[in-house]
Amino acid sequence: MKNISKVLLSGLLLGSAMLMTSCGEDYLETKPTESISDVSAIATVDNAYKALNGVAKTMTIQHGNYSQGFCGENAIMRLYENYPSQDYNYNQYASGWAPIHNQTFHTNKSSIYNHYAWYYYYQIITQANVIINRIDNAEGSEADKKFIKGSALTFRAYGYEKLLHYYCQRWKDSNNGSSQGVPLRLDESTGDLAPSTMAEVYAQIYKDLDEAIKLFDESEVDRAASDCWTPNLNCAHAVYARAALYKEDYQTALNHAKLAEDGYPLMSNDAYAAGFCRPTSEWILGSYGSADENNWYWSYGTQYSCNGYYASNSQNGAGTIGRELINRIPDEDFRKSLFLTESGLGIDGSDPAQVDQTYGYIGLTAGLSYSDVEAYMKAYNYVQEHAAPGLSEPYSSGVYHLGAHLKFYVFDTPGVGYLPYIRTSEMLLIEAECYYFLNQPANAQEALVRLNAGSGRNPGYTCDKTGQDLFNEIADYRALELWGEGFQWSDLKRWKLPVIRHSFAQGGNAHAAVAITIMPNEVNNWVWEVPLKETDYNGAYKRVHPQLL
Amino acid sequence: MKQSLSAEDIKWETCQNIDFGIEGRLFNRLNFNFVLFDKRNKDLLFAVPLPLSAGSFVWGDDYNMSIYKNIGTISNRGIEISLSADVIRNRDLNWTLSTEGTFMKSKIKKLPDGKDILHGQQNYSEGHDPYEFYTYHFVGVDQMTGRSLYTLDPEMAERAEAAGETVTIGDETYTTMPGSYGKRDWAGTAHPWFFGSFNSVLQFKGFALNALFTYSLGGKLYDSAYQTLMSTNSASSASANHVDLAKSWNGVPAGMTENSPNRIDPKGLPQLDFEYSTYNNATSDRWLTSASYFVVKNISLSYSVPKLLMNKIGMQGLTLTAGVENLATFTSRKGVNPQYNFSGGSDNTYVTARVFNFGLQFQF
């Protein structure tokens with residue numbers, strides 16, 4: 001074949017393995033231009049304070065990839081505590097949000113609702129680790145260095161304490177702490193790390209807080225009075241009290257709760273009604289809020305304050321308190337006046353004309369037309385009379401729910417305000433509970449009296465209940481005092497009590513989609529599964545038996 | 001706040017390429033070109049994800065933080081074929097047909113410590129294609145209840161049963177909640193096994209008709225747009241739905257019992273339901289669609305007016321053209337766009353637009 005031989009070209013290319021030598025060992029060495037290296041972040045005390053501030057800021061910043069509403073601690077309060085609890089309702093979206101209200105996402109390991117708390121608290125912990133491990137070598141005064149280290153240790157303890165609430169068994173079911181805890185990351189490692197037991201995590205929390213308290217004492221530096229976001233000595237005692245309470249270590253909890261109170265007196269009723277949007281005398285820990293650091297539609301107040309964006313522009317309301325709970329509270333109690341109640345307004349919640357039996361609108365039908373103008377005007381007038389001075393009008397959309405609150409306000413659109421995380425009132429409730437479990441009912445009653453009467457919230461309050469009645473009293477006042485601040489789910493979990501919600505027809509004020517009972521041993525024993533985003537990349541988890549209890 | 005981690009040990013990637021080719025012309029009409037290639041990349045840089053407990057930065061691409069490492073070796077091997085034939089060659093009529101295509105297989109040869117690296121719905125694993133899907137397996141719709149059933153992870157079987165999220169049919173137990181109790185497994189790769197184009201050029205006197213077709217065979221893509229359109233997640237806000245929902249399970253079919261052999265319908269559609277949609281339409285291999293496509297890429301017709309005619313009116317030449325790009329695209333499902341990316345992803349974007357063009361070209 002002449003053609004073939006004439007034209008056949010064999011192209012034989014042998015590519016040699018090309019060894020690309022680098023242009024020198026240090027060609028690849030570059031320093032970041034948009035951030036600073038961890039070495040310089042803690043090189044001086046000034047920088048370390050900024051890093052500490054960064055940890056505080058994590059608690060109130062938009063956590064990008066998680067989307068709107070995940071703004072640090074507020075999402076924990078909303079999704080992990082308020083919604084799945086018993087006495088907090090948000091009826092407008094209840095049918096769509098039923099999986100969260102009804103706790104059915106605990107085992108959905110790839111859901112953002114599952115891994116947010118894990119991500120968020122480890123964010124706090126790992127940032128605190130950088131400070132804790134490097135502050136000793138920083139330049140600056142010893143007093144400042146000790147304060148910063150104590151503060152970072154408190155943040156770390158706070159993070160681990162919270163992780164145990166969500167991803168681990170309640171103490172009663174933990175076989176005295178031998179069930180699975182969480183990985184104890186205490187350095188800047190990033191690789192595999194097996195989870196420690198719950199007892200080990202508590203031991204570390206205690207150790208961190210003991211050291212923090214010692215450092216705070218030695219340092220004698222305190223935070224500026226207005227910096228409620230920086231943990232100080234009282235905060236360390238408060239976190240200690242909480243951790244010990246959940247561990248049922250009641251004497252320890254009692255001791256620390258008392259020390260936490262010192263210097264943070266209970267606020268007056270005027271301060272109470274001022275909107276929970278600025279620190280008061282009893283805020284031990286909170287977060288900063290201001291229009292110049294606006295978190296826009298991600299903040300807590302946008303959706304859950306009575307004068308925030310949603311309450312002003314929609315019929316959603318801002319969350320309502322459980323009807324049966326608030327009806328048990330005496331009318332003379334100042335805190336009750338911050339809610340729209342049947343006795344406060346003089347309406348009958350079981351009359352469908354006065355209160356819509358699906359969503360709870362007062363005087364309006366589900367379609368928002370007037371069903372009882374008299375009832376509606378009662379709500380309207382009540383809100384006008386009780387609105388907090390100096391802040392924009394509550395519920396200016398004109399829709400009022402049974403159980404709606406006048407507790408949380410914002411002072412700038414759409415949801416600007418400080419948020420409280422730890423208050424003295426919680427400490428008194430811890431004391432009452434500890435005395436109860438230590439079988440000292442008289443002291444428990446006295447703590448309740450101090451909280452309710454001594455504060456001026458109900459000057460005529462007395463308590464001579466004992467036994468189960470006393471426990472129920474403590475539980476009720478805990479639910480009332482700390483309503484909306486993100487406590488009740490954890491409380492019911494550790495007491496091993498069910499969530500029981502009743503619809504309007506059954507005498508409550510929850511939407512039918514969430515009017516169910518959730519027993520303590522249901523929904524994966526109230527334990528959130530460890531997220532896939534941890535176990536997929538942390539080989540140590542595969543080696544631990546998945547059913548370790 | 002930690003933004004990124006320093007990567008102290010990274011070094012340059014290396015690439016090794018071996019080609020063997022034969023090129024030639026046969027019978028004075030057929031050009032051919034065969035190339036065998038084997039390309040290996042070593043010490044590939046990859047952002048290895050870290051567990052959440054190491055801290056993270058959620059203002060980037062992913063929730064997990066990652067650290068750059070030179071992680072492994074990947075090989076891409078295949079054959080490129082290109083043929084071109086002068087079918088008809090006359091003074092007035094010329095017709096050339098050509099085609100080219102590539103067979104290609106990619107494989108990950110080595111990973112650090114041999115460990116798999118999960119990312120999204122895919123998984124880097126030694127011996128597997130880098131774009132191979134690794135996700136939950138959708139078994140079918142239970143015709144007795146209208147719920148979607150998935151392969152159960154044996155390690156989670158006990159807890160799944162305790163939660164009431166299992167269904168036992170015959171000897172097999174399935175789960176209704178893949179995210180919590182399902183088992184992930186290999187589900188095919190996004191890589192096509194053959195892709196190419198063919199081209200026809202026909203010339204007759206002053207007319208020229210060109211046609212170009214491109215195609216790809218094999219591979220899968222994850223049709224997330226279809227998944228969204230088939231889901232009914234929210235009772236309080238409406239969103240668009242696909243017409244296929246009209247065929248959703250609507251009750252136990254006549255004659256179906258618990259022991260019917262065809263109780264599970266692998267092509268079935270689950271019941272329309274707000275509460276369970278998130279499980280019935282969960283992320284799984286149900287949404288992996290064939291990524292094969294065939295595109296009539298370009299058809300154009302041109303006519304050159306004879307020079308003699310043009311000279312009469314004082315011009316050198318005039319050519320009229322008319323053409324259409326992307327005349328038709330054939331895919332496995334209407335609306336799917338496999339040309340979107342390599343790795344089998346998809347997005348809510350427009351498919352490639354059809355473009356008509358007309359032209360006049362004067363030469364003076």
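**Close-up views of a predicted model**

**View 1. B:Leu217 in the nonpolar surface patch of chain B.** B:Leu217 is partly exposed, at 35% relative accessibility. This leucine, B:Leu217, lies in strand S14 (residues 207-217) of chain B. The structure is a predicted model. B:Leu217 helps to make a nonpolar surface patch of about 690 Å², together with B:Phe20, B:Ile22, B:Phe34, B:Leu36, B:Ile79, B:Phe103 and B:Trp193. Two elements of chain B, strand S1 (14-26) and strand S2 (30-49), each give two or more residues to the nonpolar patch.

**View 2. The positive surface patch of chain B.** B:Arg77, B:Lys105, B:Lys107 and B:Lys109 form a positive patch on the surface. With three residues, strand S4 (residues 93-110) of chain B gives the most to this positive patch. B:Lys105 is located in strand S4 of chain B. The side of B:Lys105 open to the probe amounts to a relative accessible area of 62%, and B:Lys105 is exposed.

**View 3. A:Cys277 and A:Cys306, two cysteines without a bond between them.** Searching the whole structure gives zero disulfides over all chains. A:Cys277 is in no disulfide, and its nearest cysteine sulfur, that of A:Cys306, is 9.2 Å away. Why is there no bond from A:Cys306 to A:Cys277? The sulfur of A:Cys306 has its closest cysteine sulfur in A:Cys277, but at 9.2 Å this is too far for a bond; a disulfide needs the two sulfur atoms within 2.5 Å. A:Cys277 is buried, at 2% relative accessibility. A:Cys306 is also buried, with a relative accessible area of 0%.

Technical notes
Residues numbered from 1 in each chain as written. Chains lettered and ligands numbered in written order. Predicted model: local features only at pLDDT ≥ 70, side-chain atom pairs only at ≥ 80, totals over all residues. Heavy atoms only, no water. Buried < 20%, exposed > 50% of the residue type's maximum accessible area, 1.4 Å probe, protein only. Patch = residues over 30% accessible without salt bridge, like charges linked within 9 Å, V, L, I, M, F, W, Y side chains within 5 Å. Areas by Shrake-Rupley, 256 points an atom, 1.4 Å probe, with all protein chains shown as cover. Salt bridge = Lys/Arg side-chain N within 4 Å of Asp/Glu carboxyl O. Lys, Arg positive; Asp, Glu negative; His and termini not counted. Charge placed at Lys NZ, Arg CZ, Asp CG, Glu CD. Helix = DSSP H or I, 4+ residues; strand = E, 2+ residues; numbered from the N terminus.
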